[in-house]
There are 4 protein chains.
Amino acid sequence: MSSSSSTPAKPRLRVGIAGLGRLGKRHAEALAFGNRHCQLVSACSPVPSELDWAREQLGVGRCHASFDTFLDDPELDAVVLVTPTSLHADQTMAALRAGKHVFVEKPLALNVEDCERVQAVAAEHPNQVAMVGFVRRFDPSYRRAAQRIEAGELGRPFLVRSQTCDQNDPEGFFVRFAPTSGGIFMDCSVHDIDLARWLLGRPKALRAFATGTIALHPGLAECQDVDNGLAIVEFEGGARAVFYASRTLPHGHETTTEVIGTAGTLQVGFGAHADRLELRSAAGVSHAVLPDFHARFEAAFQQEMAEFVAACRGERQLSLTLADATEATRIGLAITRSLRSGMPEAV
Amino acid sequence: MSSSSSTPAKPRLRVGIAGLGRLGKRHAEALAFGNRHCQLVSACSPVPSELDWAREQLGVGRCHASFDTFLDDPELDAVVLVTPTSLHADQTMAALRAGKHVFVEKPLALNVEDCERVQAVAAEHPNQVAMVGFVRRFDPSYRRAAQRIEAGELGRPFLVRSQTCDQNDPEGFFVRFAPTSGGIFMDCSVHDIDLARWLLGRPKALRAFATGTIALHPGLAECQDVDNGLAIVEFEGGARAVFYASRTLPHGHETTTEVIGTAGTLQVGFGAHADRLELRSAAGVSHAVLPDFHARFEAAFQQEMAEFVAACRGERQLSLTLADATEATRIGLAITRSLRSGMPEAV
Amino acid sequence: MSSSSSTPAKPRLRVGIAGLGRLGKRHAEALAFGNRHCQLVSACSPVPSELDWAREQLGVGRCHASFDTFLDDPELDAVVLVTPTSLHADQTMAALRAGKHVFVEKPLALNVEDCERVQAVAAEHPNQVAMVGFVRRFDPSYRRAAQRIEAGELGRPFLVRSQTCDQNDPEGFFVRFAPTSGGIFMDCSVHDIDLARWLLGRPKALRAFATGTIALHPGLAECQDVDNGLAIVEFEGGARAVFYASRTLPHGHETTTEVIGTAGTLQVGFGAHADRLELRSAAGVSHAVLPDFHARFEAAFQQEMAEFVAACRGERQLSLTLADATEATRIGLAITRSLRSGMPEAV
Amino acid sequence: MSSSSSTPAKPRLRVGIAGLGRLGKRHAEALAFGNRHCQLVSACSPVPSELDWAREQLGVGRCHASFDTFLDDPELDAVVLVTPTSLHADQTMAALRAGKHVFVEKPLALNVEDCERVQAVAAEHPNQVAMVGFVRRFDPSYRRAAQRIEAGELGRPFLVRSQTCDQNDPEGFFVRFAPTSGGIFMDCSVHDIDLARWLLGRPKALRAFATGTIALHPGLAECQDVDNGLAIVEFEGGARAVFYASRTLPHGHETTTEVIGTAGTLQVGFGAHADRLELRSAAGVSHAVLPDFHARFEAAFQQEMAEFVAACRGERQLSLTLADATEATRIGLAITRSLRSGMPEAV
C-alpha cells in the first residue's frame, strides 16, 4: 500500500524471534514473508523441532537454543519476544541492554514492580524501541474508532464497555494454564483495559470492583479463578469502564467494545461475523461467528509487526508506550484482587 | 393515539362485512373491537358457521346469506368486501349503487375492463368512498418510506426492486387455488406493482417482461403458472421496476422493497425479523423470520380499516384511488402475458 | 386474536382508572377501546381537565376528584392506579380492602416495608388480583425469550446484562423529578432487575455494587443521583447481573437485555429499530431508533391491560406476583445504597 | 498460513507483469512482496514512469517498453497481463506460444471468437496455466458460499440475484471509458455472470433480456450505454439469474449476490460494511460502506495471485477455466445486444 512513499535504499531491519509457539510462529511468518522492510535472520527456542521449522520453512539462518547467544549477535537489530509471561520483563531488559529494539507480547509482567523496572531500563535506552503487543490497537476498526473519537464524533467519551469472550473449549486447556496466566482478567481483559484507557484519553484509574462465576469449568476454583468475570473500573474525572471476560461462549469468539459519549456511541466488533455470508433456511436467518482471537485480529497482527518494524527504522512514532502497559497491569491486578476480596480495591 | 383530537359527538359508522374467510374474520374483528369510530352491524356469508361466528363472537345483529338483502339495509353506511376475486367488481358496483361506501379486497378485478366499469360507477357516486385493499400502503414502514421519498431524501427515485415471497407450503394449497388466482404475479406481485407506482410518483408503465421457474410445485404447469417469477417493468421517463415473487422460501415470509434514487436508497422490510430477539448458539447468530403476510402486516390491516372508516366519516382524504387499482391490474396482466409469451408485452 | 375462544356471555369487567397523566391516559384508552372484555366506567383525578378529557373523549360516566368516592362504587370491579409512586402502596391496600382487583404501576413502593404491607393485605384477599406494572414482561420479544429459555435453548442461564437507556432530554425534566423518583436505579433499572430475576429463574439476590457518573446534568448531584449508572448484582448459586441505566443517549431509547447461558445467548432489543426501514446515502447505511419507552413497549402496554382484565375475569393466572415487585424494590434499594456508599451492599 | 506444508526446496516462480496501471501496480506488489513462492523479475509498460516505479519501489531488474522483448526472456516462467482489454486475447496467445503461464485480467475479450481462439491455443499448451481474473471467485465469502452450496445447504439452487454497484463518480471517468469498455454489462456484470454460472453449477444459458436507464450521466447515450442496467438470463433446466449494475450509488460500492435454492438462500456481501464499527448519534444508527471494488476484494486479489502462482508450480488445480471466461463473454454480449434491441436475445 504505502510502498510508493518508502525509499528502498534503506537496509532492511534484521529481526530475531524468541518463542515459536502458536503466536510466535505467526509473528515469525509475518516477519519472514509479510514485510518488505525487514528480514527474519535468527530464532531462539528451547524446542528443537521449532527451530527446525524456522530453518526449513522460513529459511532462518541462525537458530539458538540459548537466549544469551541469541542476543549476542551483532548482526541483529531487533528482537520479538513471544516467550512465557514470566520471562517477559527480564528478557526485555536484557535485550534493551544488548542494544536491540524489543517487541514483547502482552502482558509485560504480572506485577507492577517488574513493569516499572523495564520502564526504567527503557528510559536509559531512549533510541531503542520497546513495544508491548496490545494487538487490538492495530486492528483497522479499533484504529478508526480512535480516530473518530479524536475527531469529536462522540462528544466527550465517558463510558467504555468492553469484552473478550472466547468460545468454550470443552477440553478446558486454559484450566491447566490457569495457575500461571494471572487469572481471567490478566489474561483476557488486559486488552480491554488498555483499550478503555486509550479510548477514554488515558484517565487515571482510581478503584476497581470485580465479581465472577464458574459456569462450566470447576477446576478453576483451585486457583481462585472464574470462567466468567465482570469488573467495573472508576476513573478520575467520572469516566467508568465495565469489562466482561468469558471462556464459555457456545458460538465463537466475540470481542467487542462500546464507547459511550455525550454526543454518540461507537460499537466495535458487534456481531462477530466470520465472513460476509448470511444463510436463510428453515432455522431462520443466521451467520457464522469468528472462531477465535487469531481469526478476529489477523490483519491487526500483520499491522502490529509492520509498525514495530517501521518504528525501529525511525519511520513512525508509536502511540503505545511502556507506561500504558504498566497501567494496564496495575488495573488488571486491582481487578484481580477485588475478585478475590469481594471488595472494591484501590488501583 | 389521535383520540384527543376527534370529536365524540359524531355518530359511529355502521359497517357490514361480506366474506368471513381468514382475512374476512380479521377485518371483522378490527371493525368490531379495534376502532371506536365504527360499529360492525351486519355480516354476509353463504357459510352458516361463519355467520354463527359473527353473531356469537362479535355480537353482530344482522346476518345475511344473500348479498342482496345484505345491501338492502338502510341502517348500513359502508360495506367491506372480502369475497372471491371474481365477485369484487360486480359487488363493488352494486354496493355503490345502493349508496354504501365500499372497501374491497385486492385485486379489484382480473381484467382491466371490469376495473374501468367500477371506476365509471364510482365516478357517478363521488360522495361515496371506494377503496381497494392495497394494505402495504398502510404499513408504518412503507408509509415512512413514502414520506421520506417525498421529502427528497433519495433525490429522484428511478428504480424499485420489490418482492413478495411466501414460505413454502408443502401441502401446496395455492396450487389448487392457481386456476382462479390469476397467477403468481396477479396474486402476489400486484402489491409490489402498486408500491412501485406509488413510490416512483405514478409514472406511466410502457412494457413488461417476465420469466419464471417451477422449483417445487410441478402442478402449476397446468395453469401456465410458476412458483418463482421475475418481472421487469419499463416506465415512461426511464424509471424501472424489478419484481420477484416466490411461493417456496424455506424460512418464512420475506416481503421487501428497495427504492433507488439519485441521492439515496431506501430498503423496506429486509431481514423480516419476527421479533426483537437474536440467538447465539453453536449454530451461529440467528433470528426468526415472520411466518406469513398476516404477521408482517398486522398493524397495516388495522390501519387500513381505520383509514377506511375515517374516509367514510369525511375525516381523511385517501391517496389510494381506484385508478391506482386499475393500473396495478393492467401492469400485472401485461407481466402475466409476458410470462406466457416469453416476449416483452406492451402495458 | 384469541376472540374465537372466549365466551361472550360473561359480563365485561367494570374498571376505573386513577391518575390520568401521560401513562394514565394511555391505559385509559386501552381499557376504553382496546379490549372487548372490559369497560372503563369511572375515573379519578385531582385535575379537572383530566376528568373532562375522560368524559368527553372516552365517554367515562363517573368522574371523581376524591379517591375515596372513586373506591366507594359498588359497580366497580377493578381499579388501575397510575398515581404518584408515593401513593401506590396505600391506594393499593385501600382498593383491595374495598374488594377491588388492583393494577398498580411500578414501583410498588420506594421501601421494602411498604411492599410487604401490601403483600400482607393482598394475602387477606386471595380472590382479588393484585398486579404491579412490570410492562416489559408483556412485550412479545421478552415473552418469547422467557419461553425459549424455559425450553432449554440457553442451557443454564447464569448472566443477565440489561439496560434502560433514554434519549437525552436537553430540558432535563427528570432532574426536577429526581428528588421523588428514588434515583436512576429505582426509576429505570427496576424493570431490568425484575427481568433478570424472571429470566434467571428467581435466584435469591445477595449483594449489589453500583457506581455512576454525571455526564450532562449536574443538577442531579444535589439528590446524590447520576445520569449514567452501572450496577452488578450477585445471586445465590453463582448467577450475576449487570445493569446500565442512562438518561443521556443522543440517538433515542435503547432498552436491551442479554441472557447468557451455558449453551447459548439471547439478545432482546438490540438495534432499537424504529421501523423496518434502512437508508443508504452519502452518510452510509443507517436506521432510525425508537424515540422512547412508550414507542418501544406500545404492544406490551396493550397486552398488560389485556392480561390484567383476563386475570380479574379468572381466565388467566399471572406469573408476575407482588413478591416479585417486593424483590425488585429490595434489590433496587441495595443498588441505590451502594451508589451512595461506594461499597457493596447486602440485599 | 499454509507455509508449514510447502517444501522450500522448490525454486520460486519467476513472474513478469505487463501493464502497471492501478490494478497492475496492485498485482505487482502482491507478486513482489506478498508471496514467498514467486519473484517478480520483469515488467513491461509503454509508460516510462511506470517502469521507473517498478524498478525503484519493487526492485524489478528487467524493464521493457516492448511486449515482444518482455516475452522473449528465457528466465521468465509466467506473465501477468493487466493491459487494455483490446490486447488481452492476442497477448495471451503470444505468451502461451512463448511457453509462459498466463494470468490475464477479465474480460478475456469483447467477442466470443477471440475467446475461442485463445481457448484453441491454450489447448495446444496443456502444461501451461491460462487463467482469467474473475477475482470474486477468490474472495473468502464467495468461496465459502460455493462450498456450502456444494455441501447441499441450499438444496437445489435455481435463482441467482447478483449486482455490481459502484459509488457515483461525479467526474464520470467511466463515461470517457465507455466507448471501449464494452458497456456496463461487459464491464461490471461479467463478474456476476461468472458467479451465477459457478454457483448454479454451470447450466447452459439460453436467452437474455436487458433494460436500463441513465440516471446521472447523459454522456453515456452516445455509446448506447446506461448507468443503471438490469438483466435477466434464462438457463436450461429452469434456473434463472437477475443482474443489476449501477454506476451511481451515493454511498459506496455494494457488490452482492444472493443464491436461492429449494432449501435455503445464501446472501453474500449485503450491508457492504467498511469495517466492524457502528455509530449511534442523533442521526440514528449507521455504518460506513466500502468505497470501491478494490477495498471489497483486497484479500481476493492476494488470493488470486497466490493461486495463480500455486497452479503454475503444479501445486493446485484451478476450477476456473478459459471456457468459463468464454461463456461469461457470450452471455454478457447477449445481454448487451438485448439492451440495444429491447428484445430477448438468444445466448
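The bend at a residue is the angle between two axes, one fitted to the seven residues ending there and the other to the seven starting there. Helices (H or I, at least four residues) and strands (E, at least two) are DSSP runs, numbered from the N terminus.

This is a predicted model, in which local features need pLDDT of at least 70, side-chain atom pairs count only at pLDDT 80 or more, and totals for chains, interfaces and linings use all residues. Residues are numbered from 1 along each chain as its sequence is written, chains are lettered from A and ligands numbered from 1 in the order in which they are written, and side-chain values use heavy atoms, with hydrogens and water left out.

**A kinked helix in chain D**

Let us start with helix α4 of chain D, residues 85-97, which has a kink of about 25° centred on D:Q91. D:Q91 is also one of the buried residues of α4(D), where buried means under 20% relative accessible area with a 1.4 Å probe, protein chains only. The others include D:H88, D:T92 and D:L96. Among the elements covering these buried residues are α3 (67-71), β5 (101-105) and α5 (112-124) of chain D. Just after α4(D) comes D:G99, with a positive phi of about 85°.

**How chains B and C are related**

A turn of 180° and a shift of 0.1 Å along the axis lay chain C on chain B with an RMSD of 0.0 Å, superposing by least squares on the C-alpha atoms of residues with pLDDT of at least 70 in both. The two copies are thus related as by a two-fold rotation axis. In chain C, the C-alpha nearest this axis belongs to C:G34, at 3.1 Å.

**Two interfaces**

Contact means heavy atoms within 4.5 Å. Buried area is the accessible area (1.4 Å probe) that two parts lose on being put together, summed over both. A salt bridge is a side-chain nitrogen of Lys or Arg within 4 Å of a carboxyl oxygen of Asp or Glu.

| Chains | Residues in contact | Buried area | Salt bridge (N to O) |
|---|---|---|---|
| C and B | 37 residues of chain C, 38 residues of chain B | about 3,400 Å² | C:D275 and B:R144, 2.9 Å |
| D and A | 37 residues of chain D, 37 residues of chain A | about 3,400 Å² | D:D275 and A:R144, 2.9 Å |

Between chain C and chain B there are two salt bridges, and the interface of chain D and chain A has two salt bridges. On the side of chain D that touches chain A, α1 (22-33), α2 (48-58) and α6 (140-150) are among the elements that each supply at least two residues.

Technical notes
Buried means under 20% relative accessible area, exposed over 50%, partly exposed in between (1.4 Å probe, protein chains only).
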